[in-house]
Structure formats: C-alpha cells, structure tokens
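These are my notebook entries from one pass through the structure. I set down each item that I looked up, chain by chain and contact by contact.

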Amino acid sequence: MIEYKMPSLGADMESGYLREWRVQPGDRIKKGDIVAEVETQKGIIEIEVFEEGVIGDLLVKVDDQVPVNTPMATIFSEEEAAAGENAVRAPVPEQQKAPTEPKPPTATAAAPLKAVHPPHPIRASPLAKRIAAERGIDITALHGTGPEGAIVRADVEQAIAAQAAPDAGKAAHKEHAEPPALPEEATPVVPTEEKAPAGTAETTVEKPLAATAASTESIRMAVAAAMSKSNREVPHYYLETKIDMSRALAWLTETNKQRPVKERLLPAVLLIKAVAKALTDVPDLNAWWENGLQRKEGIHVGYVVALRTGGIMVPALHDADTKTLEELMQALNDLIPRARALRLRSSELADSTITVTSLGEGGVETVYGVIYPPQVALVGFGGITEQPWTEKGMLDVRPVLTATLAADHRASDGSTGSKFLTAIKNHLQQPEKL
Amino acid sequence: MLTYRECLKQAIQEALQGDERVFLLGEDVGRYGGAFAVSKNLLQEFGPERILDTPLSEAGFVGAGIGAALGGMRPIVEIMTVNFSLLALDQIANNAATLLHMSGGQFNVPLVIRMSAGIGKQLAAQHSHSWEPLFAHLPGLRILSAGTHQDARYMLAPALLDPDPVIIFEYTSLLNLEKELSEAADAVDISKASVRREGKDISLITYGTGVYKALEAAEELATAGIEAEVLDLRILRPLDDDTIMASVSKTNRALLVEDASRSVSISSEVSTRIMEKCFYELDAPVARLCGAEVPIPYPKHLEDAAVPQPAQIVSMVKKILQHD
Amino acid sequence: MAQTPKSTTPLSPEQARKLLHQMILVRRFEEKAAEMYTKTKIRGFLHLYIGEEAVAVGVLQALRAEDNVLATYREHGHALVRGIDPGKIMAEMYGRLEGCSRGRGGSMHLFDSKTKFYGGNAIVAGHLAMAVGLALADKKMKRDQLTCCFFGEGAMAEGAFHEAMNLAALWQVPVLFVCENNLYAMGTALRYTHAQTNLELKGAAYGIASSSVDGMDLLAVMQAANMAAEAVRSTGQPHFLVCNTYRFRAHSMFDAELYREKSEVEEWKKRDPIPGFLNYLMQQQVLTDVEFKNIETQVEKEVQDAVDFAETCSWEPVEELTRYTYSERKS
C-alpha cells in the first residue's frame with residue numbers, strides 16, 4: 001500500500017483545499033489519472049496520480065484544508081487488492097512510499113495546456129519570453145537556436161514571421177513535431193497576472209483557466225485573431241444541403257426510450273458521428289493545410305461550445321469515427337461542462353481535424369461558418385425545423401436540418417465538398433448504423 | 001597623433017593656465033618630471049608654487065589636498081600609482097568622501113586625485129593593481145576612468161569644475177600609445193558613459209584598458225558580420241544607468257570586460273543593474289570577461305593570461321551569438 | 001621648550017568674566033549632555049572634555065574669527081568656545097535637523113562654516129594633514145590667517161601625525177598644532193604608547209618650534225597660546241604646543257575605567273582648572289561673589305535653553321537621506 005499525498009504544486013504552496021474527489025474507493029487508477037481537484041491560491045488545480053493500482057481509502061474530506069505532503073488516499077497495488085485485506089494492510093518499507101512524491105513532468109505525462117507563459121523550466125531568454133507573451137506566441141512549441149539550445153528572440157521572431165506569411169508559416173509548425181491543431185492565436189491567452197509561477201509548473205495536469213472576466217476577454221481576443229486570420233488567408237467556399245431528419249429523430253426517440261435517463265442520446269451525437277463517418281468516405285476534408293494538404297489519420301471532431309460569458313471553445317472528440325454513439329454522448333457530457341469551465345486539456349484544444357458547429361433548436365436555419373486554420377473544413381448545422389418536403393412526388397412536412405460546408409478551396413473543390421455533404425446526409429438516413 | 005601621456009600633460013597644462021587656484025602636487029611631479037614623465041617640464045613652465053613635489057607621504061599630501069580644497073584651492077593630487085593609494089585611503093574614504101555629508105552640506109571638497117593604474121608592464125603583484133572597483137564602492141566620490149586619449153585629454157577640466165572629490169584613473173600601459181584626437185569633441189560630460197562604437201548585436205561594456213581591447217575585438221567581429229557596440233562606462237561612480245540600459249535594450253546582449261578581478265567588480269555591479277532594470281530585454285545571459293583572481297604575476301605570458309585579451313572577447317562574443 | 005611661566009599680566013574684569021563663563025559653560029553643558037545621554041536623548045559615542053576646559057578656552061582665545069579650527073571627536077568644548085550656538089550643538093547631539101551639522105554628524109562631528117570650525121574629526125590623526133592643506137591654501141592665497149589643529153597625544157603615535165608635521169615644516173605653512181595630552185589614548189597610558197614621553201621633542205624633530213604648558217592652568221595656556229599664535233602669524237611657520245591636561249570623566253560613556261586608579265583621578269581633580277581660575281580671580285579681586293553667582297545662573301539658563309531648543313527640533317525627513325552625498329548643483 002502506498003499513500004497518495006497532497007502534492008506541492010509550487011514552492012510557495014503550503015496547503016490546498018480538496019474541492020472534489022474524482023475517484024472512489026475501489027477505482028482502478030493508472031499513472032496520469034486525475035484523482036482530485038484542489039483549490040490553491042492559484043486557483044483550482046486537477047491533481048494526478050503517478051501510480052497504478054486501486055484506490056483504498058479516501059483519507060480527507062471534500063473542503064478540507066490539506067497541508068502539502070499530507071496523505072490524502074491509500075492506493076493498493078493490483079496484487080494487494082487481489083490478496084485482500086491482510087495483504088493490503090501490511091506495512092511497507094519506507095522506500096516503497098517514495099514514489100508517491102509528485103514527480104516532475106515527463107515527456108509522456110499529459111502535455112500541459114499551452115499557455116503563453118510556459119511552465120518553468122523552459123530555456124528561453126527573458127526577451128524571447130517577453131516578446132512571445134506580447135505577441136501571443138506559444139514558446140513551448142518553438143525550437144531554440146540560442147546558447148545551450150535556449151529559445152532566443154530570433155526564434156520567436158521567426159515564429160511571428162511564420163504566422164504572418166501563411167506558406168512559410170506552416171514550415172514552423174512542420175519543423176516541430178508538436179501539432180498545433182488550434183492555431184496559436186486561438187489558444188486561450190492566459191492573462192499575465194494569472195501567469196503561473198515557476199513552482200506550479202510541477203503539476204502535470206492541465207492548468208485550469210479561471211473563468212474570470214480577464215480570461216474570457218482573452219478568449220474573445222483569441223477567437224478574434226483566429227477568425228481574422230482565417231478570413232484573411234483561407235479562400236472559403238460554401239455548400240449547403242437540406243437533410244430530412246425524420247428517420248434519425250424517430251430512431252433517436254425509440255432508442256432513448258430503452259435507455260436510462262442518464263444515457264439518453266442527443267441529436268448532436270448523431271450529427272457528429274455522421275460527420276465522422278462521412279470523413280472516412282471523403283478523407284480529403286479530414287486534413288490540415290500546412291504547406292499543402294496534410295491528411296490526418298485520426299478523425300477528431302471539434303465541437304463548438306458557446307461560453308455563457310461569450311466566446312467559444314472547440315474541444316475535440318477524439319476518434320469520433322470509431323466511437324459508439326454512447327461513447328460520444330459520454331464524451332460530450334464530459335467535455336461541454338469542462339469547456340465552459342475553461343478546463344480543457346491541451347490535446348482537446350489542439351487535435352481537432354474538422355469543426356462542427358450546431359446552433360441547435362430554436363436557432364437560425366443555416367450557418368455559414370469560418371474555418372479554424374489549419375483545418376480545411378467546417379460543418380454547420382442549423383436548427384431542425386418543420387418544413388415542406390417532397391419525396392417521391394409526395395408533399396409532406398418533415399423535420400428538416402440545413403447542413404452547410406465551409407471548406408478551404410486550396411485544399412478541396414466543390415465536388416469533394418458535395419460528396420462529403422451527401423455522405424453526411426446519407427449517414428443520417430441510416431441512424432441505426434451510426 | 002598624440003600619445004596618451006601627451007594628452008594627460010596637455011590637460012594639466014590647460015588646467016594650470018586656466019585657473020590660478022589649480023596646482024599639481026604629488027611625488028616626483030616637479031624636478032623628476034613625473035614618474036611617467038607626464039608632468040615633464042611643467043615645473044619650469046609654472047614654477048614650484050604650482051608644481052609641488054611631495055615627500056613619499058600619501059596620507060599627508062592627499063590630506064593636504066583635501067585641506068587645500070576646503071580652503072578654496074583646486075588641487076590636482078597625483079598619486080603616482082593606484083598601488084600606493086591605500087596609504088591614503090583613510091583620507092579618501094574618511095575625509096574626502098564624507099565631509100560634505102557629515103557637515104550637513106557645509107563643507108564640500110573640490111579635489112581631483114589622479115592615479116595611474118592597471119597592468120601591462122611586467123611590474124608584478126604590488127605594482128599592477130586594478131582597484132577601480134575598490135574606490136567605486138565609496139559614496140561621495142566621483143570615479144572616472146580615462147580609457148581613451150580623448151578622455152585623457154578632456155576629462156580633467158570638468159573634473160576640476162566638480163564641487164566634490166573626483167578620482168581619475170589613468171593607465172600606465174596606454175602612455176606611449178598614439179592616437180588621433182578628434183577635433184570636434186572636447187568637453188567631456190563626466191556624468192555620462194560613452195558609446196565608442198555603435199553596433200546592434202551585442203554590447204561590449206567596459207572601461208579603462210578594456211576600451212581599446214573591445215574596439216579591437218569589435219573590428220575583428222565586424223569582418224565576421226557581427227556588429228558589436230562598445231560602451232565605455234567612463235564614470236564608474238555614479239554609474240550612468242541610462243546609457244547602459246539604452247545600449248543593452250538595443251542589442252539585447254551584454255559582455256562585460258574589465259581587467260579588475262571578477263569578484264565584487266565593476267562588472268558585478270553593472271551586471272546586477274542590467275538584471276534589475278533590463279531583464280526582459282536580455283536575449284542571452286550577461287557574460288563577463290574579467291581579470292583572473294590572482295595577484296598579477298611577473299612573467300609576460302602569465303601577466304597576459306591574467307586579464308582579458310581581444311581574442312577572448314571575439315571568441316566569447318561568437319559563442320554568445322552562436323556564430324559559427 | 002620649558003614649561004611656559006604663568007602669566008602675571010592682570011586680566012580686565014570683563015575678560016575674566018568671559019573666560020570663566022566659557023569654562024563653566026563647557027563644564028555644565030557636558031554634564032547636561034551626560035545626563036541626556038543616560039536618558040537616551042543622545043546616542044552614539046559621547047566623549048566628555050570635563051577637566052580639560054582650560055585648553056580649549058586658553059587656546060581659542062588666542063585665535064581670530066578668520067582662523068580655521070579643526071578638532072577631534074572630543075570637541076564640544078571647542079565648539080562652544082569657538083562660538084557655535086549651544087542650542088545648535090545640543091540639537092546636533094540629539095541628531096536633529098537644526099543641529100550644526102543637520103544632525104548628520106552627532107557628538108563627534110560638529111561642523112560650522114560660519115566660525116570656520118572644520119569638525120569634529122573621529123579618525124585619530126586623520127585631520128592633521130587637512131589642517132596642513134587648509135594652511136597651504138591660506139598661504140597660496142596670501143590670507144593672513146592660521147589654522148589651529150587640536151589632537152590628543154594618541155594621535156602622535158599615528159603615521160599621519162608625522163606626515164603632517166613633516167609637510168607643514170617642509171612647506172612652511174601657518175598651522176598651530178595643539179596636542180591635548182590627557183595621558184590616555186582611550187585606556188592606554190602615555191608610557192605604554194610613546195617611547196619618548198616628552199612630546200614636544202617630536203615637533204622639534206621636524207624643526208618645528210615647540211612648547212609645552214600646564215593645561216590645567218588657564219592663564220598659562222593663554223600665555224603659551226598667545227605666544228604660539230603670534231609666532232605662527234609672524235613667521236608663517238607651524239608651531240607645536242603641548243598642553244598637559246587630564247580628563248576627569250571616562251573616555252566615553254561606556255567605559256569602566258579599569259586602566260587608572262580612582263585616586264589618580266582624585267589627585268588631578270585637585271587641580272581642576274575652574275576652581276583654580278575662580279580662586280585666582282577672587283584673590284585678584286577682579287570678580288565678586290555676586291558676579292560669579294550671576295555667571296552660574298546665566299550658564300544654567302543657557303544649558304537649559306539648549307536642551308529645550310533641542311527638544312523642539314525636528315528630524316530630517318528620511319527622503320533627505322542621500323542629500324549632500326554630492327553637492328547640489330544649480331540646474
């Protein structure tokens with residue numbers, strides 16, 4: 001048995017308030033799992049575990065103030081858990097307890113949110129850091145050419161130049177393995193005053209963004225920058241089609257009847273899944289435009305979440321084509337509140353290969369979207385409205401959805417877009433196969 | 001073309017001609033003609049009232065200089081070399097530097113002390129000191145360093161106009177060096193550092209014997225396409241932060257060069273101030289080339305190795321700039 | 001170089017009262033300073049001159065207003081006799097802005113440009129060469145004035161003393177060097193600090209006219225000082241005057257006086273210069289009892305006024321901390 005202790009997330013952190021347990025006794029955990037949310041003077045931080053095993057007892061209660069290094073929970077190895085009570089209660093040598101100490105981040109740990117002020121230590125000159133902060137450059141994505149590999153002004157200026165000139169710009173991205181799925185401008189800018197001090201960098205969980213006026217303003221600015229860039233650089237073309245949703249909605253009603261309330265599906269998952277499957281048919285649109293078309297392997301659908309305070313977040317539903325509707329629904333249920341709380345993980349912010357925006361019920365019928373570079377397509381769904389519909393010569397009233405495609409004409413042409421929209425339409429006629 | 005020695009001499013001559021209150025006193029300044037021949041023939045020109053030979057009595061004649069300044073004269077006290085200055089340190093530190101403050105502003109000390117300093121003539125440990133940092137530590141003094149012929153020629157006049165004690169460091173190793181004086185510049189602003197060469201890639205911040213070394217290095221760096229700025233601090237107390245910060249803000253890199261040994265040196269102070277005032281302008285850590293922390297040895301090759309040389313400046317700059 | 005004989009010149013009643021007044025003022029002022037020290041109104045070092053008053057009074061009466069005066073850190077008496085306002089001196093010891101050095105100097109650093117009082121110098125022998133320089137300036141500027149420099153016998157063991165004596169003789173400058181030989185360099189007796197205890201011989205070694213006098217006898221000091229000052233003025237050359245005296249109080253306030261016997265102090269007190277001078281005046285019938293009482297009353301008031309003044313004085317604002325590190329220039 002080992003003890004999971006309150007980690008020190010900063011040299012100046014003495015304690016934290018446990019705000020939420022994310023695990024319960026008996027839960028299996030693996031390295032990197034989030035086990036709790038802790039409020040510190042810097043805000044709420046999700047704390048992760050560096051062990052594998054089974055949660056034993058939770059030793060502190062929600063809202064307790066917990067000094068650093070205080071045991072918060074016990075963790076049993078699989079063997080101990082299997083061996084039962086006697087084994088798990090057996091004392092273990094001090095040495096084995098050591099691994100409970102928080103470790104510095106490793107390359108395999110969840111990548112921290114790409115903040116403009118990167119966690120310490122990053123080897124960059126003060127000037128490079130300052131310019132990066134002023135210009136909204138993610139310094140962690142840069143390659144240092146200065147002394148001892150430090151990032152220097154020239155590196156940041158190259159990145160700025162790369163952004164300004166789209167063709168050259170992608171080179172910068174390409175050069176570095178890290179894929180910035182969201183353009184850097186769209187990365188929420190952490191306001192300076194919320195800059196994480198060196199110490200907090202020890203956490204390997206996502207740094208939450210407090211939903212303050214300052215951060216929403218930053219998001220607004222980030223959206224503005226990304227959309228401006230898109231409109232400036234990406235030659236959009238638009239296609240539109242109307243989709244009869246009667247089958248899909250009927251199927252949905254039917255399947256939901258058989259599900260517990262918590263597991264009921266929303267129309268949005270059908271739309272997301274239809275888009276994902278359509279992309280398997282027309283893979284050219286599951287791509288980034290970076291020095292030419294770069295098709296992407298995984299289909300990660302970015303789903304636009306409007307924030308109540310204004311602005312949007314676009315979390316990615318990873319591998320949407322291979323997930324079941326149930327899994328997609330779960331993912332959506334997880335993502336939307338976190339997006340609204342500005343608590344997305346970097347991969348969720350960074351990996352989208354296409355964007356879906358759905359204005360939902362009661363809204364307008366048609367959405368002409370703006371592509372999120374370097375993606376090459378965006379699908380807009382209007383609200384589902386009852387409309388006259390003719391089929392096989394018969395006039396009827398059907399629930400109708402208008403689907404639009406905004407696509408990058410550098411990456412695709414109208415025929416490709418047309419195939420793609422048609423594919424979505426077809427998939428939605430066979431909801432049971434989604 | 002003028003030697004550095006001739007520049008110093010002309011400055012003293014000019015001062016003696018311009019103000020009856022000015023007189024030169026020090027060891028061997030008269031009949032001998034100055035230990036380094038700086039004041040040669042001045043006795044003949046100005047007479048023993050103005051060129052006053054003193055005994056080997058640093059505390060005595062520096063103290064007397066302070067008293068004469070209090071009494072309304074404008075003495076130029078020559079301490080033959082900085083190496084002997086500690087014999088007069090009590091007078092400098094406890095009297096010259098403190099009287100104005102301690103008397104609540106009633107008694108200022110308009111005194112100029114010149115001393116020859118530095119390394120370079122195989123004079124061994126007791127005659128090769130670079131003690132500028134030691135004096136620059138003392139509030140109440142203005143510490144100047146004449147690293148160029150221009151300053152050797154034109155620094156004395158403003159120093160004599162200063163109402164407070166001024167120490168001018170001159171450099172033995174430069175005495176025979178010949179340079180052209182620019183005709184335009186004469187008056188030296190003794191509150192300002194001086195950019196001796198403009199550049200955009202790195203600031204070489206130095207003083208004293210470091211100035212010509214840095215200029216030589218900058219010349220060579222230019223052939224490699226590197227534009228080094230050479231900043232002559234010139235005023236070691238009070239330091240001219242504005243000029244330092246302007247230069248570093250422009251080049252974003254700084255290499256500090258001085259002959260004085262590294263610990264608790266002028267460059268220690270300049271480096272700290274850059275960090276305090278210019279941190280977010282820095283694109284590389286502030287670097288230093290200073291004197292070795294060793295009493296200066298006698299043999300030429302060891303003496304050379306004890307202080308920064310232009311080639312070291314060149315290679316250090318290239319390293320900082322990651323220049324192949 | 002023999003002891004200067006006691007003056008037989010009669011004093012005018014007015015002169016007599018003035019000298020007695022100065023002696024008593026110095027004594028009472030310092031007693032008050034000691035009191036205010038124990039009450040923590042005065043801090044730092046406080047070196048009292050009590051017992052040595054005849055030296056300051058006797059020498060300074062020989063000077064003119066244009067002469068320069070430099071003293072040691074035991075200089076309250078010199079400052080008072082030279083004419084610095086007692087209130088400004090007390091305020092200085094209180095560390096107040098209205099003090100004669102803006103409170104920046106304290107007890108050891110009384111300065112006053114109006115009376116040409118150049119300190120209050122607290123590095124033993126550090127001011128001797130400055131005195132030479134001041135005299136050199138006077139000589140060069142052809143000003144008919146001398147520089148009077150007080151120091152203790154402890155200073156004569158310093159190299160700086162010898163350098164200054166040498167330069168003064170060499171350059172032939174008008175300095176009156178006054179050694180106040182109170183027999184103790186802090187706590188070490190003369191016989192433990194000097195191989196040659198006939199101190200005036202050290203002046204002779206530099207070819208400087210030298211004399212010594214009983215520093216407990218005001219009239220003797222006056223006469224010796226008058227002669228010395230006159231010699232300096234007439235020749236433009238330095239003179240070295242040794243005044244053999246004794247301090248009745250400890251070296252400073254924080255001194256247990258382990259280095260001398262109480263009996264020795266008591267013995268010297270029998271030669272207290274104030275009663276000595278008073279008795280002389282009474283015998284000569286140049287002073288009446290009433291006049292003496294009047295002086296006592298007047299001094300008491302002056303001292304109390306000085307304290308009262310110091311109490312009302314202000315502190316220099318902290319914002320002024322670095323002022324006068326360098327001269328203020330007209331912009």
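**Chain B: overall make-up**

I began with the secondary structure of chain B, which comes to 13 helices and 14 strands. I kept in mind that this is a predicted model. Of the 324 residues of chain B, I found that 59% count as buried. I then looked up how far apart in sequence the contacting residues lie. Among contacts in chain B with a separation of 6 or more, 79% join residues 24 or more positions apart.

**Helix α3 of chain B**

I next examined helix α3 of chain B, which runs over residues 58-70 and has 13 residues. From its first C-alpha to its last, α3(B) reaches 18 Å, close to the 18 Å expected at 1.5 Å a residue. Is α3(B) mostly covered or mostly uncovered? I noted that it is mostly covered, with 13 of its 13 residues buried. Just after α3(B), I recorded a positive phi of about 105 degrees at B:Gly72.

**Nonpolar cores**

I looked up the largest nonpolar core and found that it has 221 residues. The residues with the most contacts inside this core are B:Leu144 and B:Leu204, together with C:Leu128, C:Val132, C:Val221 and C:Leu241. I followed one of them, C:Val221, to its neighbours. Leaving aside residues up to four places away in sequence, C:Val221 touches C:Ala54, C:Val55, C:Gly58 and C:Val59, and also C:Val213, C:Gly215 and C:Cys243. I also entered a second, separate core of 59 residues, which includes A:Ala226, A:Val356, A:Leu401 and A:Ala411.

**Where chain A meets chain B**

How many residues of chain A are in contact with chain B? I recorded 10 residues of chain A, in contact with 9 residues of chain B. On the chain A side, helix α4 (residues 126-135) supplies the largest share, 4 residues. By class, I listed this side of chain A as 5 nonpolar, 3 polar and 2 charged residues.

**A sheet in chain A**

I closed with an open sheet of 4 strands in chain A, in the order β1-β8-β6-β3. Its pairing is antiparallel. I marked β1 (2-5) and β3 (28-29) of chain A as the edge strands, since each pairs on one side only. I noted for reference that strands of a sheet pair through backbone hydrogen bonds. Strand β8 of chain A covers residues 71-76, and β1(A) pairs with it in the antiparallel sense over 4 bridges. As a residue-level check, I looked up A:Ile2 and found that its bridge partner in β8(A) is A:Ile75.

Conventions:
Residues are numbered from 1 along each chain as its sequence is written. Chains are lettered from A and ligands numbered from 1 in the order in which they are written. This is a predicted model: local features need pLDDT of at least 70, side-chain atom pairs count only at pLDDT 80 or more; totals for chains, interfaces and linings use all residues. A nonpolar core is a set of buried Ala, Val, Leu, Ile, Met, Phe, Trp, Tyr and Cys residues joined through C-beta atoms within 7 Å. A residue is buried if 20 or more other C-beta atoms lie within 10 Å of its own, exposed if 12 or fewer, and partly exposed in between; C-beta atoms are placed from the backbone. Two residues are in contact if their C-beta atoms, placed from the backbone, lie within 7 Å. Helices (H or I, at least four residues) and strands (E, at least two) are DSSP runs, numbered from the N terminus. Ala, Val, Leu, Ile, Met, Phe, Trp, Tyr, Cys and Pro count as nonpolar, Asp, Glu, Lys and Arg as charged, and the others, Gly among them, as polar. Two strands pair if DSSP finds at least two bridges between them. The expected span of a helix is 1.5 Å times one less than its number of residues.
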